[in-house]
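This report goes through a single protein model. The sequence and structure are shown first, and the notes come after them.

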Amino acid sequence: QDKAQNLIELAQELNIGLDSMVFFDDDPMNREAIKAMLPLVEVPELPIDPAEYAKLLITLPYFPSAAMTDEDKMRGNLYVTERLRAEAEKSFVNREEFLHSLGLELHVFVDDAAAVARLAQLTEKTNQFNVNKEPLAEDAMAGLIERDDCHVFYGRLTDRFGDHGIINLAIVKKQDELWHLDQLLMSCRVIGRGVEEAFLAAIARKAKESRIERLSVAFRQTEKNKPAEDFINKHFKNNLVLVDDIVAPNWITVK
């Protein structure tokens, strides 16, 4: 199909926004067409001499990375397995039956410094499901893990198709009467499978063990975080929720 439609379908398949895409093409007419039809897509101008393309690609500002994480190395495989899940879902009439079939397991970690690079990366890259975007460097994340008045939660998700990697993060500030979720975010790749509820339920369970009855959340609206807003509106009232009211979906095993 035409390149604009291909980009639209590719964004849908990968579950990313058009504003996360870069169109690199040696044909000026194609570049102008994408600029006109899909203004959110970045379209760099190319030099006339093709020998300069590689040099330009290296210098483009669109791909910053402070560290190479396991999830970065897995990315190609993640896209393949996501395609397999989409194909498998077609054989189910009921979505909940499909979710049960996945064998989802969410492994939740608390104050574990082993994944600091990935956690910092999540604060930088996550836009759609992010209640209060505030990018943090690795040293800042490590500092929060060491603090007595905070908990840093993260979740790693697996299913029968493979490992999704680390996809959740919450930064909890402990107060006398409640725990405050200063940050709560999740990779957009797994939105809509109940993982967000399961992760929140794990935090609530830990809070209850500490004799805390309520959670509060910081929410700051952005142009991109409508999924996070919908989640907060569904589960929180005036940004508060009782820990006993949070239940994980029965198709997810939380460990």
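The sections below cover conventions, salt bridges, cysteines, helix packing, a buried helix and backbone angles.

## Basis of the model

The model is predicted: local features need pLDDT of at least 70, side-chain atom pairs count only at pLDDT 80 or more, and totals for chains, interfaces and linings use all residues. Residues are numbered from 1 along each chain as its sequence is written, and side-chain values use heavy atoms, with hydrogens and water left out.

Helices (H or I, at least four residues) and strands (E, at least two) are DSSP runs, numbered from the N terminus. Burial is given as relative accessible area: buried is under 20%, exposed is over 50%, and partly exposed is in between (1.4 Å probe, protein chains only).

## Salt bridges

There are 19 salt bridges in the structure, a salt bridge being a side-chain nitrogen of Lys or Arg within 4 Å of a carboxyl oxygen of Asp or Glu. One of them pairs Glu 82 with Arg 193, with 2.2 Å between the closest N and O atoms. Glu 82 belongs to helix α4 (residues 70-89) and Arg 193 to the loop between β5 (179-186) and α8 (195-209), so this salt bridge ties together parts that are 111 residues apart in sequence. Arg 193 is buried at 8% relative accessible area, whereas Glu 82 is partly exposed at 21%.

Another salt bridge joins the side chains of Glu 105 and Lys 255, at 3.4 Å from N to O. Because Glu 105 lies in strand β1 (residues 104-110) and Lys 255 in the segment after β8 (252-254), the pair ties together parts that are 150 residues apart in sequence. Glu 105 is partly exposed, with a relative accessibility of 24%. Arg 147 and Asp 149 also form a salt bridge, their closest N and O atoms being 2.9 Å apart. Both residues are partly exposed, Arg 147 at 36% relative accessibility and Asp 149 at 38%. Elsewhere, Arg 31, Glu 32, Lys 35 and Glu 45 are joined into one network by salt bridges that share partners.

## Cysteines

A disulfide is a covalent bond between the sulfur atoms of two cysteines. Here the criterion is a pair of cysteine sulfur atoms within 2.5 Å, and the structure holds zero disulfides. Cys 150 is buried, with a relative accessible area of 1%. Cys 188 is also buried, at 17%.

## Helix packing

Two helix pairs are described with axes that are lines fitted to C-alpha atoms over the stretch in contact, and with angles that run from 0 to 180 degrees between N-to-C directions. Helix α1 (residues 3-14) packs on helix α2 (residues 28-37) at an angle of about 55 degrees, and the axes are 9 Å apart. This makes α1 oblique to α2; angles under 35 degrees count as roughly parallel, over 145 as roughly antiparallel, 65 to 115 as roughly perpendicular and the rest as oblique. The crossing of these two helices, α1 and α2, is right-handed, meaning that the near helix is turned clockwise from the far one by less than a right angle, while anticlockwise would be left-handed. Lys 3, Ala 4 and Leu 7 of α1 meet Asn 30, Ile 34 and Met 37 of α2, where contact means heavy atoms within 4.5 Å.

The second pair is α4 and helix α5 (residues 95-102), which pack at about 135 degrees with axes 10 Å apart. α4 is therefore oblique to α5. The crossing of α4 and α5 is right-handed. Arg 85, Ala 88 and Glu 89 of α4 make the contact with Arg 95, Phe 98 and Leu 102 of α5.

## A buried helix

Helix α6 (residues 116-125) is largely enclosed by the rest of the structure, because seven of its 10 residues are buried. The buried residues of α6 are Val 116, Arg 118, Leu 119, Ala 120, Gln 121, Leu 122 and Thr 123. Their cover includes α4, β2 (129-130), α7 (138-146), β3 (150-159), β4 (162-174) and β5.

## Positive phi angles

Most residues other than glycine have a negative phi. Arg 211, although not a glycine, has a positive phi of about 65 degrees. Arg 211 sits in the loop between α8 and β6 (214-217) and is exposed, with a relative accessible area of 78%.

Asn 239, also not a glycine, has a positive phi of about 65 degrees. Its place is the loop between α9 (226-235) and β7 (240-242), and Asn 239 is partly exposed at 32% relative accessibility.
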